[in-house]
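Visitor: Could you take me through one part of this model up close? I would like to follow a strand pairing and then see what lies around it.

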Amino acid sequence: MRHTTSSASMFVATALAVAIPSFAECAAQGGVAWQQLQPANNPAIAGAIASDAARQRLVLFPRRDPPETWEWVGRNWLQLSPATSPPSVDSYMAYHAQHQRVVLFNSMTQTWEWDGHDWAQRFPSGNPGFEGPMVYDPDHQRILMFTRDDFVYWWQWDVAWSPVPSATLPPNRENTALVHDALRHRVVLFGGVRQVGANRIVQDDTWEWDGADWQQRAPSHVPPRRERHAMAYDPVRQRVILSGGYDSTFPPLPPYADTWQWDGVDWLQLAPATVPPARSGHAMAFDEVQRQIVLFGASTVQLQDTWTLVSSSPASFTPFGWGCPPGLHVAASSLPWLGDVFTVTLGDLPPGSVPFLLLGLQPLGSTIPGLPGCVQWISVEAIDAMALVGTTATWTKAVPADVALVGWSLYCQGAAWLGGWPLDAAVSDAARAVVGMR
């Protein structure tokens, strides 16, 4: 059988195509699952949390007197015994990746740093007047903080505090949440409560900071207004996750038990089969070791539970075999998620190469006649052209929002006509791609 670009397109269209439900309907069926863990030890109450990427653990400073410092290591909470501790007052934290320190700022306008062994108070000049949620901006290597001050409330920390210039600002507020979207290089803010005269006005607005200015977003779907909610970024699924909180507008509503995700365009409410009980004031952060979001407790001692949010249907791209020549590899610059774009690259090609991608439904492993030492790693149901720019070739296809495709495997292997090389053709290693749902 002779495989052509047109037959490859038909193959991809047949195997990946036929839209049934919409993407929103698919995703709402649950690409994620909450799982309750049973650690041997638990803090008594939630508090400020940060992910220490260098030491690969979460750091928790509960709202508890006397002060306590806890770390989430593996699948258990460990209480530490530092010689010095910040006072047990309302606090927020973020991890400064460049300095490899957790930075804490509290309602006493104190700044503290945790180095993994002990706390040390810093004494910068020009402190902010109030505490607020903090997030690390890796693009500018600084911690950002949003406070409820009536005048200057958007701050940055490197080795000192200073106001952040911005032409536009969201209205000041408290009990809001900030998170850094690493894929889109944006800081995302949602909700909180504003004090306007004698009235507390709970918010449901979404704002983004691009490193230079704030922009209010206008999504088609919006979570109910709330404060004391939690947000974290999931780099596995490349989505911002929002959980819980409550509406304190009189008469106040019970806390929420919902889970939402932000993709940079719209909010989507997820519907996992099991969810943590309703809560507010909880701690939530991404665990770099287990590669999942961890949620703990609440602002009251009634909830001392630990939950993880995992992808129940993750997309993946797993290479296997070897290339011929050995340096020729396929890679995925974007994974095959439903409703998204799947991109495969083939690098280190000489100028003038004619690259193409072999597509199949199963692994193989047979030698290629005329190419000594080269292996055809997959069955070949189709061949599709790749676009060559410089020394890298790219193949891109849109994955339809069809829930029936979740878990479906596609095998791929790169190949190229090389012209001036001793061999007139070369092949890469291969990979198994699995379609996932966020």
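Guide: Strand E2 and strand E3 (residues 57-62) are joined by 6 bridges and pair in the antiparallel sense. In this predicted model, Asp52 has Arg57 in E3 as its bridge partner. The pair belongs to an open sheet of 4 strands, whose order is E2-E3-E4-E5 with antiparallel pairing. E2 and strand E5 (76-79) are at the edges of that sheet with a single partner strand each, so one side of each has no neighbour in the sheet. Direction ignored, neighbouring strands here are turned against each other by 25 degrees on average.

From E2 we can step over to the largest pocket. Strand E2 (47-52) supplies at least two residues of the lining of this pocket, and so does each of strand E6 (91-96), strand E10 (134-137), E14, strand E18 (230-234) and strand E22 (283-287). The pocket has a volume of about 1,100 Å³. Its lining counts 47 residues, and the closest to the centre are Ile49, Met93, Met134, Leu178 and Met231. Sorted by class, the lining of the largest pocket holds 28 nonpolar, 11 polar and 8 charged residues.

Another of the strands that supply this lining, E14, leads us to a further sheet. There, 4 strands in the order E14-E15-E16-E17 form an open sheet, again with antiparallel pairing. Its edge strands are strand E14 (177-181) and strand E17 (214-217), each of which pairs on one side only. On average, neighbouring strands of the E14-E15-E16-E17 sheet are turned by 35 degrees against each other, direction ignored. Inside this sheet, strand E15 (residues 186-196) and strand E16 (residues 199-209) run antiparallel and are joined by 9 bridges. Val196 stands opposite Asn199 in E16.

To round off the tour, there is the second largest pocket, with a volume of about 250 Å³. Of the 15 residues that line it, Phe356, Ile368, Leu371, Ala415 and Val427 lie nearest its centre. Strand E28 (354-360), strand E34 (409-417) and strand E35 (425-434) each give at least two residues to the lining of this second pocket. By class, that lining has 13 nonpolar, 1 polar and 1 charged residues.

Conventions:
Residues numbered from 1 in each chain as written. Predicted model: local features only at pLDDT ≥ 70, side-chain atom pairs only at ≥ 80, totals over all residues. Heavy atoms only, no water. Pairing = 2+ DSSP bridges. Axes fitted to C-alpha atoms, helices over the stretch in contact; angles between N-to-C directions. 1 Å grid on protein atoms, 1.4 Å probe; cavity = no way out; pocket = protein on both sides within 12 Å on 5 of 7 lines; lining within 4 Å. Points joined across faces, edges and corners; volume = space filled by probe spheres on them. Nonpolar A, V, L, I, M, F, W, Y, C, P; charged D, E, K, R; others polar.
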